[in-house]
Amino acid sequence: MATKSLLQAIHDGLAEEMRADETVMVMGEDVGRAGGVFRVTQGLQEEFGEARVFDTPLAESLIVGSAIGLSVNGMRPVAEIQFADFIPPAFDQIVNEAALFYYRSNGAYNAPITIRAPYGVVPGGALFHSQSVEAYFCNTPGLKVVAPTFPADAKGALKSAIRDPNPVLFLEHKKSYRLLKGEVPDEDYAVPLDRARVHREGTDLTVISYGLMLNDVSRAAEKISVEHGIETEVVEPISLYPLDKETILRSAKKTGKTLVVSEANLEGSVSGEISALVAEHAFEWLDGPVRRIGGPNSPAAPFAKPLTDAFVPSAEKVEAAMLDLARY
């Protein structure tokens with residue numbers, strides 16, 4: 001297996017699916033000759049041609065609406081939203097059209113589209129390049145929302161998203177693109193979208209996290225194991241909607257203590273849904289309150305680095321919360 005960045009793994013997953021299925025196509029702003037603003041689609045237009053990899057106008061509603069039209073006519077479009085912050089104009093197309101197509105047609109039509117969107121805080125991103133939008137979409141039956149963290153999972157989950165007969169919103173943490181690296185299998189494989197991954201077995205507390213924060217959680221889990229003998233079970237949902245409730249509840253009942261960590265605004269967040277799930281269905285197994293760490297209720301991470309650092313939960317804050325809950 002080769003070691004690849006998150007960005008390279010997603011690129012390779014796209015390319016492999018396009019080679020395997022000529023109905024798979026890529027569309028979005030600057031995804032063609034420029035290869036995308038982050039270069040995820042670099043080289044795809046040269047290999048597959050302008051009919052399967054093409055640039056669109058700066059119009060997110062048009063991008064998703066066109067993808068829906070193509071999908072119900074036999075194609076499997078992968079539509080890129082350049083930054084998740086710009087997805088609101090496409091909101092109606094996603095939640096009222098793509099997500100409902102199968103239901104409203106009584107099963108006569110599917111809308112097999114994948115919508116890729118880079119999300120999360122990046123240094124200097126500020127108001128319109130650092131938002132976490134996942135919660136907006138996690139109340140939409142008919143739509144899958146996935147946010148894999150590490151390269152191997154991202155490649156396999158992207159393949160599953162493209163092969164899925166219904167719409168999938170595929171979120172990619174942009175600061176992780178070149179920061180997170182890992183071994184990625186060379187052979188064809190797919191990661192199920194309905195299964196959470198247990199990255200680390202533990203007995204003292206469960207931490208559920210995704211995105212770049214998951215990396216901090218994993219590091220903290222190893223640190224407090226060595227320094228304090230506290231064993232943390234680390235769970236990544238991979239699919240934020242629908243959640244793999246079975247795996248989450250099994251871990252919560254096993255350790256009796258649950259902490260949910262993300263960098264999204266805390267109120268109305270995916271973290272809130274996970275917390276409610278554990279509190280409702282694992283209450284009698286709990287030895288402490290379900291706790292959450294997230295961003296403040298501010299519109300987005302500010303431009304200034306000290307304020308950005310204050311917005312995103314620090315590794316020290318995550319570690320302190322884990323120790324505090326473990327000792328409760």
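Student: Which residues of α1 are buried?

Tutor: Leu6, Leu7, Ala9, Ile10, His11, Asp12, Gly13, Leu14, Ala15, Glu17 and Met18 are the buried ones in α1. Keep in mind that this is a predicted model.

Student: What makes α1 "mostly covered"?

Tutor: Just the count: 11 of the 15 residues in α1 are buried.

Student: And why is Ala9 called buried?

Tutor: Set the value against the cut-off. Buried means under 20% relative accessible area, and Ala9 has 0%, so Ala9 qualifies. Ala9 sits in helix α1, and beyond its neighbours within four places in sequence, Ala9 is in contact with Lys4, Pro151, Lys155 and Val184.

Student: How do you know that the span of helix α1 is what it should be?

Tutor: At 1.5 Å a residue, the 15 residues of α1 (6–20) should cover 21 Å. The C-alpha atoms at the two ends are 21 Å apart, so expected and computed spans agree.

Student: What does the check give for helix α12?

Tutor: For α12 (residues 315–326), 12 residues should span 16 Å, and the end C-alpha atoms are 16 Å apart, so that agrees too. The buried residues in α12 are Val318, Glu319, Ala321, Met322, Leu323, Leu325 and Ala326. Their cover includes β10, α8, β11, β13 and β14.

Student: How far apart are Ala9 and Ala326?

Tutor: In sequence, 317 residues; in space, 35 Å from C-alpha to C-alpha.

Student: On to the sheets. What is the order of the 7 strands in the open sheet?

Tutor: The order is β3-β2-β4-β5-β7-β6-β12, with mixed pairing.

Student: Why do β3 and β12 stand at the edges?

Tutor: Each has a single partner strand, so β3 (53–55) and β12 (239–241) both have one side without a neighbour in the sheet. From one strand to the next, the twist averages 25°.

Student: How do you know that β2 and β4 are paired strands?

Tutor: Two strands pair if DSSP finds at least two bridges between them. Between β2 (residues 24–28) and β4 (residues 76–80) there are 5 bridges, and the strands run parallel. One of the pairs has Met27 opposite Ala79 in β4. Going on from β4, 3 bridges link this strand to β5, again in parallel, and here Ala79 stands opposite Ile115. Then β5 and β7 pair in the parallel sense over 6 bridges, with Thr114 having Val168 in β7 as bridge partner.

Student: What makes β5 "mostly covered"?

Tutor: 6 of its 6 residues are buried. Thr114, Arg116 and Pro118 point one way from β5, while Ile115, Ala117 and Tyr119 point the other way. That fits the general pattern: in a regular strand, side chains alternate between the two faces of the sheet.

Student: Which strands make up the open sheet of 5 strands?

Tutor: In order, β9-β11-β10-β13-β14, with mixed pairing. The edges are β9 (197–200) and β14 (291–295); each has a single partner strand, so one side of each lacks a neighbour in the sheet. Neighbouring strands here are turned by 25° against each other on average, direction ignored.

Student: What makes β13 and β14 a pair?

Tutor: They share 4 bridges, in the parallel sense, and the pairing cut-off is at least two. In β14, Arg291 is the bridge partner of Leu259. Helix α8 (residues 212–228) packs on this sheet, touching β9, β10, β11 and β13, and its direction makes about 165° with that of β11. Helix α10 (residues 270–281) packs on the sheet as well, touching β10, β13 and β14, at about 160° to β13.

Student: Which residues of the largest nonpolar core touch the most other members?

Tutor: Of its 45 residues, those are Val64, Ile94, Phe137, Val145, Leu169 and Leu171. The elements giving two or more residues are α3 (60–71), α4 (91–98), β5, β7, α9 (245–255), β13 and α10.

Student: How do you know that this core lies between domain 1 and domain 2?

Tutor: Domain 1 (2–184) and domain 2 (197–327) both contribute residues, so the core lies between them. Leu171, neighbours within four places aside, has contacts including Ala117, Tyr119, Val133 and Val145. Apart from this core lies another, of 30 residues, among them Ala9, Ala157, Tyr189 and Val191.

Note on methods. Residues are numbered from 1 along each chain as its sequence is written. This is a predicted model: local features need pLDDT of at least 70, side-chain atom pairs count only at pLDDT 80 or more; totals for chains, interfaces and linings use all residues. Side-chain values use heavy atoms; hydrogens and water are left out. Axes are lines fitted to C-alpha atoms, for helices over the stretch in contact, and angles run from 0 to 180 degrees between N-to-C directions. Contact means heavy atoms within 4.5 Å. A nonpolar core is a set of buried Ala, Val, Leu, Ile, Met, Phe, Trp, Tyr and Cys residues joined through side-chain atoms within 4.5 Å. Buried means under 20% relative accessible area, exposed over 50%, partly exposed in between (1.4 Å probe, protein chains only). Domain bounds come from an automatic or database domain assignment. The expected span of a helix is 1.5 Å times one less than its number of residues.
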